[in-house]
Amino acid sequence: TSIDEGKTFSSVKLTSQPLWGVAIDPANDSILYVATTASGVWQSQDGGVTWQSTGALPVVPYALAVGPSPAQTVYVATSNGVWESANDGATWQTTSLTDTRVMSIAIGPDGVLYAGTTSGPAVSRDFGATWNYPDPDEGGAQAFGYAIAVDPNDGCKLFASALGSDVFISDNEGASWTRAGTDFAAPESRRIAVDPTDSNRVYAGSSYSGLFKSTDGGATWSRRDFGSGNAYVWIPAVDPVSPN
């Protein structure tokens, strides 16, 4: 965790197993969720000091998002579609997006769900009951939807990346995409996070190149080193209550 906009970090221990995703409850920043490769989804109710396993999830979770509506619904991108829990992870059920690998999930300020799939970004306007695939009209790099994030202050603006690609930006809910600033000097971004209080501040993790930060909405980027200069940063997340 960092309390100074990513300048310095301290470690919060959970397990030794790989973690794929992290999400913070927008109504209570002491409640955290993480996705693990070996034991499903875990929850902390004290800001990461202690953790408890949620109910059994029969698929591998990659990313999570907590929705403001319906209340406390947790959505998980998995190896087989998007799953949801309406009771803090005690039980899980599928949405209508199944039979595809989903690497990322995001919720817009208007409650729209965005999923990064192997067929490109998918969009749901009814809390996962139905999904559609807007045509990115680009193909290739960003079509994979490896990481997807939505600007919490502008539901039409999306950030996405793909395996081995730069970061891409859409201002029209995924209908078209443009390449973000060329200063993102990393082979790929696993996760992208936008500051909910300042859309100009965007964070992107990278493979073996540390954490990147933009202060102009993705036009330019700078690397924020901590620990090893070639750290593998999978999951940046911005606290909605204390965004620094």
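1. A nonpolar core, as used here, is a set of buried Ala, Val, Leu, Ile, Met, Phe, Trp, Tyr and Cys residues joined through side-chain atoms within 4.5 Å. This note concerns a predicted model. Its largest such core has 17 residues. Those with the most contacts inside this core are Tyr-33, Val-41, Leu-57, Leu-64, Val-74, Val-76 and Trp-92. Strand 1 (19–24), strand 2 (32–36), strand 5 (61–67) and strand 6 (73–78) each supply at least two of the core residues. Strand 5 gives the most, with 3 residues.

2. Look next at Val-41. Neighbours within four places in sequence aside, Val-41 is in contact with Tyr-33, Val-34, Ser-53, Thr-54, Leu-57, Pro-61, Leu-64, Val-76 and Trp-92.

3. The second largest pocket holds about 770 Å³ of space. It is lined by 30 residues. Closest to the pocket centre are Ile-24, Ala-65, Ile-107, Val-150 and Val-238. By class, the lining has 26 nonpolar, 3 polar and 1 charged residues. Strand 1, strand 5, strand 9 (102–107), strand 12 (147–151) and strand 16 (192–194) each supply at least two lining residues.

4. Check the backbone at Asp-88. Phi is positive there, about 60 degrees, although Asp-88 is not a glycine. The residue is found in the loop between strand 7 (81–85) and strand 8 (93–94). Asp-88 counts as partly exposed because its relative accessibility is 30%.

5. Asp-99 also deserves a look. Its phi is near 60 degrees, a positive value in a residue other than glycine. Asp-99 lies in the loop between strand 8 and strand 9. Its relative accessibility is 69%, so Asp-99 counts as exposed; the cut-off for exposed is over 50%.

Terms used:
Residues are numbered from 1 along each chain as its sequence is written. This is a predicted model: local features need pLDDT of at least 70, side-chain atom pairs count only at pLDDT 80 or more; totals for chains, interfaces and linings use all residues. Side-chain values use heavy atoms; hydrogens and water are left out. Buried means under 20% relative accessible area, exposed over 50%, partly exposed in between (1.4 Å probe, protein chains only). Helices (H or I, at least four residues) and strands (E, at least two) are DSSP runs, numbered from the N terminus. Contact means heavy atoms within 4.5 Å. On a 1 Å grid over the protein atoms alone, a cavity is a set of points where a 1.4 Å probe fits but cannot get out, and a pocket is an open set with protein on both sides within 12 Å along at least five of seven lines; lining residues have an atom within 4 Å of a point. Grid points are joined across faces, edges and corners, and a volume is the space filled by probe spheres set on the points. Ala, Val, Leu, Ile, Met, Phe, Trp, Tyr, Cys and Pro count as nonpolar, Asp, Glu, Lys and Arg as charged, and the others, Gly among them, as polar.
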